[in-house]
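Open the model in your viewer and keep the selection box handy. We will go from stop to stop, picking out something at each one and saying what is there.

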Amino acid sequence: MSTSLGTRIWMEWMDLLRGAASPAGAALYLVFGGLLAVAVPWRLGFGFLQARIFLIYACMSLFFVAPAIAESLASDAARSVLANRRGGTGHDRDILAAKITVAALFGWVCSLVILLAALGTFNALNWAGRLLLPPYTVLAGTALLSLAFAVFVASAGAWVALRVDSAAIAKQIVRTGILVLLLLVVLGERLLPAAWRLGLEAGLSAARLPVLMVLLSALLVAGCVPFWRAALARLQRLRSA
């Protein structure tokens, strides 16, 4: 019996929520979300409203998308289900599209909730009778870049997950990538020449950052295409084996 793409997305979404609601999953998300939503705005103070901070928050979906896509494609249960399902190329395409869509949406929603909570914490700590927010163009750019980044990570993660033997290995690869990304974010600017740092600061101003976010979003979406094609080809080989 054929299953529509919408039905597949709904089924994947419910499976993901059940996993996230487990004690271990809930504890991990609460601790990580609490640090970003409370500790960061409290520690940075008014520096939290710097435009570059929102560029970092736009990348937070990585921490939620990567484990979700790894578990949905590389776990023993997922591999068993994939092996027992039969269908043509369109069937495989729908399966992969549903898994990538759900993982990306999950990461995007989580990152937006954390950002809103962080803004709420910042305003609660610095309340002066009105909301203190960055320019709306920065907020819109952050939401757009976060979504594009989530789709990119889900696409790349799907390709990785289908090439390894278990979800644990896929998660380890992703965690290594996360660590490298964090080191680049934290230390990268300090390693640049002084002239480059000045140019970077100008590019990350509140006036220019939204444009940069739109350009980065377009590049990330374009970068999804080769990962999507490679992941689909890998899925078809695994299911025909």
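The tour begins with the whole chain and then moves through helices, single residues and one charged pair.

**Stop 1: the whole chain**

Before you zoom in, note that this is a predicted model. Colour by secondary structure, and you should find ten helices and zero strands. Read from the N terminus on, the elements simply run α-α-α-α-α-α-α-α-α-α. The chain has 241 residues, and 39% of them are buried. If you display contacts between residues at least 6 apart in sequence, 83% of these join residues at least 24 apart.

**Stop 2: helix α3**

Select residues 51-58, which form helix α3. Is this helix enclosed or open? Six of its eight residues are buried, so α3 is largely enclosed by the rest of the structure. To see them, show A51, I53, F54, L55, Y57 and A58 as sticks.

**Stop 3: α3 against α7**

Keep α3 on screen and add helix α7, residues 136-163. Two packed helices are described by the angle between their axes and the distance between the axes. Here the angle is about 25° and the axes are 8 Å apart, which means that α3 is roughly parallel to α7. Their crossing is right-handed. Now pick the residues that make the contact: F54, L55 and A58 on the α3 side, with V138, L139, T142, L145, S146 and F149 on the α7 side. Colour this set by class, and you get seven nonpolar, two polar and no charged residues.

**Stop 4: S61, in the loop**

Move along the chain to S61, in the loop between α3 and α4. Is S61 buried or exposed? Its relative accessibility is 0%, so S61 counts as buried. Leaving out residues up to four places away in sequence, S61 touches G107, W108, S111, S146, F149 and A150. You have already met S146 and F149, which belong to the α7 side of the contact with α3.

**Stop 5: α4 against α7**

Next, select α4, residues 62-74, together with α7. What is the angle between α4 and α7? These helices pack at about 35°, with their axes 8 Å apart, and the crossing is right-handed. On α4, show L62, V65, A66, I69, A70, L73 and A74; on α7, the residues they meet are F149, A150, V153, A154, G157, A158, A161 and L162. Sorted by class, this contact has 14 nonpolar, one polar and no charged residues.

**Stop 6: A143, on α7**

Stay on helix α7 and click A143. With a relative accessibility of 21%, A143 counts as partly exposed, because the cut-off for buried is under 20%. Not counting residues up to four places away in sequence, A143 touches W108 and L112. Try a distance label between the C-alpha atoms of A143 and L112: they are separated by 7.1 Å, although the two residues are 31 apart along the chain.

**Stop 7: the salt bridge**

Side chains of opposite charge can pair when their charged atoms come close. How many salt bridges does a search of the whole structure find? The search finds one. Select K99 and E12 to see it; their closest N and O atoms are 2.9 Å apart. K99 is in helix α6 (residues 89-125) and E12 in helix α1 (residues 5-20), so the pair ties together parts that are 87 residues apart in sequence. Switch on the surface to finish: K99 and E12 are both buried.

Note on methods. Residues are numbered from 1 along each chain as its sequence is written. This is a predicted model: local features need pLDDT of at least 70, side-chain atom pairs count only at pLDDT 80 or more; totals for chains, interfaces and linings use all residues. Side-chain values use heavy atoms; hydrogens and water are left out. Axes are lines fitted to C-alpha atoms, for helices over the stretch in contact, and angles run from 0 to 180 degrees between N-to-C directions. Helices (H or I, at least four residues) and strands (E, at least two) are DSSP runs, numbered from the N terminus. Angles under 35 degrees count as roughly parallel, over 145 as roughly antiparallel, 65 to 115 as roughly perpendicular and the rest as oblique. A crossing is left-handed if the near helix is turned anticlockwise from the far one by less than a right angle, and right-handed if clockwise. Contact means heavy atoms within 4.5 Å. Ala, Val, Leu, Ile, Met, Phe, Trp, Tyr, Cys and Pro count as nonpolar, Asp, Glu, Lys and Arg as charged, and the others, Gly among them, as polar. A salt bridge is a side-chain nitrogen of Lys or Arg within 4 Å of a carboxyl oxygen of Asp or Glu. Buried means under 20% relative accessible area, exposed over 50%, partly exposed in between (1.4 Å probe, protein chains only).
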